[in-house]
Amino acid sequence: MKIHNFSAGPSILPESTIKNSAEAVLNFAGTGLSLLEVSHRSKEFVAVMDEATALFKELLDIPAGYEVVFVGGGASTQFCMVPYNLMKSKAAYLNTGTWANKALKEAKGFGEVVEVASSKDSIYNHIPKGYDIPADADYFHITTNNTIYGTEIKKDLDVNVPLVADMSSDIFSRPVDISKYTLIYGGAQKNLAPAGVTFAIVKEDALGKVDRHIPTMLNYKTHIDGGSMFNTPPVFPVYSALQTLKWLKEMGGVAAMEKINIEKAAVLYDEIDRNRLFKAPVADLEDRSLMNICFIMNDEYKELEKEFFDFATARGMSGIKGHRSVGGFRASTYNAMPKSSIQALADAMKEFEAKH
Ligand SMILES: *Cc1c(COP(=O)(O)O)cnc(C)c1O
């Protein structure tokens, strides 16, 4: 039976990423050695890092004045790295979910944090709009895709202060106008690579403006100057990230990917909206994530939740349980997820409806 991998993260990767990574573990770049046992300063690995950085920039059309770095620590370490490097005295945050809230809390250790708006009271079922950002904020932090609640800011915002975004779960899912951001970061394990590497796209002239001492490893400048090689980088996930970036390019890049993602998500949202047993907690079409599609049982069918889970599991659906904080179901439909898998889930929902 084919297993359809809807896991939220770590999550589905292109077949070529997995295959090429496995091959490199056995014999890396014809060296006769495993990728796991060669120096990160070997010419073969330096070439991997250089190509990954260059392709990352190419695919997102990153303008001059920005650098891309690969570091460890996950997106969660970025929650402190961002204020460490950018907050002089005040920062503004949009509270759109668990991760956004964690980022906001972490920043409080560095100065005044203004929560400009929050959708917490409605269990994060929409993206707040119409808020004011204090003009004296050093930056405004957003989480473009709320992995747990299935909401997404799909357009680049125009704001009056430097914009910082956690794009852990929607990077490379659409074209991004990088020039509108000062910093973008994310853990790679949702849409790019296995766990272990974190990316940051940094506008260089935004650095060096705070007075505090920044620990070496938490200073973006360290990793920019060191070409992501200041210390031993996470070689295996960087290698895998390069394979995904090559696949993305072959697929036609982020613009082509966005088209496919819109089509893919429509298959499932249409079924959720049509099916009498299910509903989407995120009502506003504009806010619905193309990467994490949440759905719950309609009120009168609540008791069927476990039965549907077993029904779908028996048809090969894996990883569809909603996050433990919200329950229900969540189908993560990252770039590498084929439309046929989403169709299989929609078909299972249809079949289940007919049964009841
Ligand atoms: C998964 C996730 C994180 C946490 O990433 P780690 O790499 O595990 O620290 C942060 N933000 C968002 C939006 C996520 O989806």
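A residue is called exposed when its relative accessible area is over 50%, and buried when that area is under 20%. In this predicted model, that distinction separates the two sides of helix H9, where Ala354 and Lys355 are exposed and residues including Ile342, Leu345 and Phe352 are buried. The points below take up helix H9, the sheet on which H9 packs, and the surroundings of Lys180.

**Helix H9**
- Helix H9 comprises the 17 residues 339–355, which at 1.5 Å a residue should span 24 Å, and the separation of 24 Å between its end C-alpha atoms agrees with this.
- The buried residues of H9 are Ser341, Ile342, Leu345, Ala346, Ala348, Met349, Phe352 and Glu353.
- These residues lie on the same side of H9, because the arc that they cover around the axis is only 150 degrees.

**The sheet and its helices**
- Three strands form an open sheet in the order S11-S12-S14, and their pairing is antiparallel.
- Strands S11 (278–279) and S14 (329–332) are at the edges with a single partner strand each, so one side of each has no neighbour in the sheet.
- Strand S11 is joined to strand S12 (residues 292–297) by two bridges, and Phe278 stands opposite Met297 in S12.
- H9 packs on the sheet through contacts with S11, S12 and S14, and its direction makes about 10 degrees with that of S12.
- Helix H8 (residues 305–314) also lies across S11, S12 and S14, running at about 30 degrees to S14.

**Lys180**
- Lys180, in the loop between strand S8 (163–166) and strand S9 (183–187), counts as partly exposed because its relative accessibility is 30%.
- Beyond residues up to four places away in sequence, Lys180 touches Asp156, Leu157, Asp158 and Leu163, and its side chain makes a polar contact with the side chain of Asp158 (3.3 Å).

Notes
Residues are numbered from 1 along each chain as its sequence is written. This is a predicted model: local features need pLDDT of at least 70, side-chain atom pairs count only at pLDDT 80 or more; totals for chains, interfaces and linings use all residues. Side-chain values use heavy atoms; hydrogens and water are left out. Helices (H or I, at least four residues) and strands (E, at least two) are DSSP runs, numbered from the N terminus. The expected span of a helix is 1.5 Å times one less than its number of residues. Buried means under 20% relative accessible area, exposed over 50%, partly exposed in between (1.4 Å probe, protein chains only). The arc is that of the directions from the helix axis to the C-beta atoms. Contact means heavy atoms within 4.5 Å. A polar contact is a pair of N or O atoms within 3.5 Å; within protein, one must be able to donate a hydrogen and the other to accept it, and residues adjacent in sequence count only if both atoms are side-chain atoms. Two strands pair if DSSP finds at least two bridges between them. Axes are lines fitted to C-alpha atoms, for helices over the stretch in contact, and angles run from 0 to 180 degrees between N-to-C directions.
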